[in-house]
Amino acid sequence: MASELLLALRLGPVRAEPVPREVADALLSVQVTEGVGRSGGFQLQFAAAKRSPLFAELLPRGALDPPARIQLVLTVRGRSTVLMDGVVTRHELAPSGDPGQAKLTLTGEDVSRMMDVVDFSGVQYPAMPPEARVAVICAKYTAYGLVPVIVPSVFMVVPDPLVEVPSHQGTDLAYVRQLAAQAGYQFFVEPGPEPGVNLAHWEPPNRLGLPQEPLLVNSDAASNVDSLSFSFDGFSATQYVVLVQDPRTRFPVPVPVPDVTPLSPPMGRRKPLPLRTEPIRGLAKYTPQQAAGVALARAADSYEVISGQGSLDVLRYGRPLRARRPVPVHGAGEAYDGTYYVKSVTHSIRRGAYTQQFTLTRNAFGPL
């Protein structure tokens with residue numbers, strides 16, 4: 001890699017260790033994906049010479065078989081970032097009669113994949129609010145460095161054990177995500193800040209938190225993105241309503257769900273008018289607190305109608321752009337300048353080159 005860009009690869013069954021120099025030299029390319037509503041993923045491609053440690057040692061003794069642990073530590077201009085901490089889900093070998101053309105590809109997901117292995121349906125959690133249940137579940141995965149980062153919900157309720165005893169449904173990952181959806185939250189695992197540590201976030205979307213370095217477009221020599229385009233889908237903005245039954249007349253009364261909430265703060269001066277009105281169905285199975293969280297989350301997502309797609313060179317930008325965080329945009333004009341939420345990022349790394357494809361979203365026009 002170039003002197004400004006260094007990538008360290010670590011491998012192991014549960015505890016990952018630096019790989020031999022021959023294995024690191026065989027690495028041809030790295031692709032890492034991260035985004036809202038999905039687990040992080042990676043794909044590593046190696047040159048698989050017959051006498052290389054990959055082909056002669058690691059593959060035969062099963063060191064690369066799932067769920068082998070992979071860690072990628074990236075250093076850009078002296079600043080280190082744990083780009084991925086995950087497990088291999090499959091590997092593929094493409095032999096070739098031409099010297100140096102055989103390829104070994106490792107594909108995997110972040111360590112949350114290990115939370116999706118065993119079905120724990122039926123396990124009960126008496127008198128435990130969702131926050132406590134998430135903490136108990138994450139404690140099972142200390143071997144993978146899982147540290148829960150839990151933001152208590154405004155709808156937190158301790159269930160009365162004489163009335164209701166919550167029980168586990170599905171795998172740990174499915175159940176934690178279900179609890180997050182009921183609170184209007186998201187659950188994801190973020191690698192770092194140190195190798196071997198993973199932060200398990202159960203929290204609302206961080207739409208107006210600490211911003212990343214601004215993306216500069218149409219700024220001559222100061223521009224730090226290769227391309228960036230925007231789109232606005234006016235008919236996707238929806239005013240959701242909840243049907244509440246009047247106790248006297250038994251007639252359903254539509255109650256609008258507010259579009260500006262802690263889950264959906266305004267990211268610009270002018271919010272587009274909703275052109276559709278739609279009731280939120282399926283809330284009868286939830287408690288009033290859970291129904292409120294689901295409704296607010298649905299309303300927040302419906303206003304993400306302004307999006308941007310672009311690419312950048314990380315060495316020019318100065319650091320990796322990360323998903324699930326806000327980033328300012330400058331130089332796109334009065335309507336499209338302002339703060340955006342990074343919805344997804346794809347990292348592509350080769351020797352001496354590090355590029356990213358990204359998707360942005362927001363709920364209003366113009367800067368605040």
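**Burial and overall build**

I looked up burial first: of the 368 residues in the protein chain, 47% are buried. The model is a predicted one, and I kept that in mind throughout. I read off six helices and 19 strands for the secondary structure. Along the principal axes, the C-alpha atoms occupy a box of roughly 80 × 60 × 35 Å. I then took the contacts with a separation of 6 or more, and found that 69% of them link residues 24 or more positions apart.

**Confidence**

I noted a chain average of 90 for pLDDT, with 96% of the residues at 70 or above. Strand 11 (residues 215-216) has the highest confidence, at 97, and helix 5 the lowest, at a mean of 76. Predicted coordinates should not be read in detail where pLDDT is low.

**Helix 5**

I checked helix 5 next, with its mean of 76 in view. The helix covers residues 288-302, 15 residues in total, and its first and last C-alpha atoms lie 21 Å apart, close to the expected 21 Å. I listed its buried residues, among them Ala-291, Gly-293, Val-294, Leu-296 and Ser-302.

**Nonpolar cores**

Which residues have the most contacts inside the largest nonpolar core? I found Leu-44, Phe-46, Ile-70, Leu-72, Leu-215, Phe-358 and Leu-360, in a core of 52 residues. I followed Leu-360 further, setting aside its neighbours within four places in sequence: its contacts include Leu-215, Leu-228, Ile-306, Val-327, Val-329, Tyr-340 and Val-342. Ser-307, Gly-308 and Lys-343 are also among the contacts of Leu-360. A second core is separate and has 23 residues, including Met-114, Met-115, Tyr-125 and Val-176.

**The 8-10-9 sheet**

I traced one open sheet of three strands, ordered 8-10-9, in which the pairing is mixed. Strand 8 (146-150) and strand 9 (186-191) are the edge strands; each has a single partner strand, so one side of each has no neighbour in the sheet. From one strand to the next, the twist averages 20 degrees.

How many bridges join strand 9 to strand 10? I counted six, and the two strands run antiparallel, with strand 10 spanning residues 198-203. As one pair to check on screen, I picked Gln-186, whose bridge partner in strand 10 is Glu-203.

**Helices across the sheet**

I looked at two helices lying over these strands. Helix 3 (residues 130-138) lies across strands 8, 9 and 10, and runs at about 170 degrees to strand 8. Helix 4 (residues 172-182) lies across strands 9 and 10, and its angle to strand 9 is about 125 degrees.

Methods:
Residues are numbered from 1 along each chain as its sequence is written. This is a predicted model: local features need pLDDT of at least 70, side-chain atom pairs count only at pLDDT 80 or more; totals for chains, interfaces and linings use all residues. Side-chain values use heavy atoms; hydrogens and water are left out. Two strands pair if DSSP finds at least two bridges between them. Helices (H or I, at least four residues) and strands (E, at least two) are DSSP runs, numbered from the N terminus. Axes are lines fitted to C-alpha atoms, for helices over the stretch in contact, and angles run from 0 to 180 degrees between N-to-C directions. Contact means heavy atoms within 4.5 Å. A nonpolar core is a set of buried Ala, Val, Leu, Ile, Met, Phe, Trp, Tyr and Cys residues joined through side-chain atoms within 4.5 Å. Buried means under 20% relative accessible area, exposed over 50%, partly exposed in between (1.4 Å probe, protein chains only). The expected span of a helix is 1.5 Å times one less than its number of residues. pLDDT is the predictor's confidence in each residue, from 0 to 100.
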